[in-house]
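This report describes the nonpolar cores and one sheet of a predicted model. The text starts from the cores and then turns to the sheet with its helices.

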There are 2 protein chains.
Amino acid sequence: MRQYAFGVDIGGTAVKLGLFQTDGVLLEKWQIPTRTEGQGRYILSDILDAIRGNMNTRNLTWQDVEGVGMGVPGPVTEDGTVQKCINLGWNVFNLHDTVRYLEPGVHKFCVTNDVNAAALGEMWKGAAQDRGSAVMITLGTGIGCGIVENQRIIMGATGAAGEFGHLCINPEETEPCNCGLRGCLEQYCSAQGLVRCAKRELARREDTSSVLRVVKELTAKTVCDAARDGDALALELLDQLGHRLGWALTAIAGTVNPEVFVIGGGLANAGNILLERIQRNFRKYAFHAFRETPLILAQLGNDAGIFGCVRMLL
Amino acid sequence: MRQYAFGVDIGGTAVKLGLFQTDGVLLEKWQIPTRTEGQGRYILSDILDAIRGNMNTRNLTWQDVEGVGMGVPGPVTEDGTVQKCINLGWNVFNLHDTVRYLEPGVHKFCVTNDVNAAALGEMWKGAAQDRGSAVMITLGTGIGCGIVENQRIIMGATGAAGEFGHLCINPEETEPCNCGLRGCLEQYCSAQGLVRCAKRELARREDTSSVLRVVKELTAKTVCDAARDGDALALELLDQLGHRLGWALTAIAGTVNPEVFVIGGGLANAGNILLERIQRNFRKYAFHAFRETPLILAQLGNDAGIFGCVRMLL
């Protein structure tokens, strides 16, 4: 009986691992560093070593393990080909084949984009339980978007489904985005985008009395905290973010019409002060047939990915 | 052996019907008028009478028929509930149950939105054959959008997947859209939207020497014909349409990342003069991971719907 499964969420600095029972109970979670040197060639070996180490400690063999599910920070196609993971140093290769080569004992292996995995995790054990479809939006350094429809992740023809953060919302933007384009949604609505907008406004307005001018370090959190304390500039920045993101979500709703939007990522820790602004603008711009789509906060935090990775296997 | 199937595409003025072999050969197609009086209560009876009449002529019984697939001009949820079809007079009801009640002999019955059906038809026997996923955009009175992913139609939580024509692209717009909002994509990029924009420009510019000022009837076709003849205003109007629509398709690509976009509907008859403008702007704004998504013209014309309706059954 295969009663166990491993979920592996690979990030740019750490790999999160989880040992689960196949009924969804998380037995143990831990992290290992992500070794990006040598174009990331040690990452998979490190992960498999960590898993084998855990299995040894528990006297498990591959006969006991249903499989390994993996989330990676980049586009992945249905056949398991990683398109490119800049943060890991990885170029294009088939992760499926590579894992089978490095560890032939693995029974099942699945891989998807990390945000897709998080979406599936939230639908399994988090904010979107018992929903048939959901779109997860993560607001972190960039903007991630994972889409689950009919309990299935939509990966896209080139693995780029949910690469929504690079929608151009301002062709007049002068600063380039990481992707080379200008005016991408994530230049405004990610955690990093919020800080960028805050700095720009502070530079532009000489007379503002905002506390943001005197905080030690300007971060998305300091902006949200200042807004909660009633700082006018911080509130205006959140208004703008809510306006842009709320509108942008209507484009996603008009495409896949999910049962629910789940908002996660570091910036979502701001909670309702941000969520209500996104929701208000979503409703303002949404077509009536999906105007009432709920927007809710993610619940699993950093564990969403490992939950989703295991869900994929089952 | 059930060797036959019926495809039924219900439009606001006519219902298109097709008798197919289950291998996809269209044996016969015909139309009946759509009787919208009495809140459209005769439409389904008329359709079933037409089908039974055809079967009698051919000495077929329901034992010979795999099923009936239907496309309707409005949102439909997975369980067959029509959300509302303004053009037919229909309110909310379950079409599945109603058809089974009116004709218990039907073996299989499927229903979806008409543009979804057209998308599936183009993937089966039209422009997008052998593709795993496609997004079909129809540019007619409004803008329709049908999404097929992994050979499955995405219908959406409230049947509103693909209701993309009401994405707000200009909050400053003063004229309302049919939907009650202002600045919807289809106010600019549908056939009717093109005419609206042309009229507005003609009213705004007193000095234009455009032939559009003297055409007998200003239609999307006269604008496209004038553009083909080099009329500066007509070309500018198509440039604007291509710019708006090309950009808008990047939002769909960044959500579901289809293998191909299929452009259909009456306005698509303009052909390459329109397609190249949409494509150029799509490429300009698209994220690199889906920048090369092909945009192609639909091939099945008005038959796409009946093909797709039958494809659904099989």
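In this predicted model, the largest nonpolar core has 118 residues, and those touching the most other members are Ile137(A), Leu249(A), Phe261(A), Ile137(B), Leu249(B) and Phe261(B). Leaving aside residues up to four places away in sequence, Phe261(A) touches Val135(A), Ile137(A), Leu249(A), Ile252(A), Ala253(A), Phe282(A), Thr293(A), Pro294(A), Leu295(A) and Ile296(A). Another core, of 56 residues, lies apart from the largest one, and its members include Ala117(A), Ala118(A), Val262(A) and Met312(A).

In chain B, an open sheet is formed by five strands in the order S3-S2-S1-S4-S7, with mixed pairing. Strand S3 (26-33) and strand S7 (108-113) of chain B are the edge strands, each of which pairs on one side only, and from one strand to the next the twist averages 15°. Within this sheet, strand S1 (residues 4-10) and strand S2 (residues 14-21) of chain B pair in the antiparallel sense over seven bridges, and Gly7(B) has Gly18(B) in S2(B) as its bridge partner.

Two helices of chain B can be set side by side according to the strands they meet and their direction.

| Helix | Strands met | Angle |
|---|---|---|
| H4 (residues 114-125), chain B | lies across S1, S4 (65-72) and S7 of chain B | about 105° to S7(B) |
| H10 (residues 304-313), chain B | touches S1, S2, S3, S4 and S7 of chain B | about 130° with S1(B) |

Helix H10 of chain B thus packs on the sheet, while helix H4 of chain B lies across S1, S4 and S7 of chain B.

Notes: Residues numbered from 1 in each chain as written. Chains lettered and ligands numbered in written order. Predicted model: local features only at pLDDT ≥ 70, side-chain atom pairs only at ≥ 80, totals over all residues. Heavy atoms only, no water. Pairing = 2+ DSSP bridges. Helix = DSSP H or I, 4+ residues; strand = E, 2+ residues; numbered from the N terminus. Axes fitted to C-alpha atoms, helices over the stretch in contact; angles between N-to-C directions. Contact = heavy atoms within 4.5 Å. Core = buried A, V, L, I, M, F, W, Y, C linked by side-chain atoms within 4.5 Å. Buried < 20%, exposed > 50% of the residue type's maximum accessible area, 1.4 Å probe, protein only.
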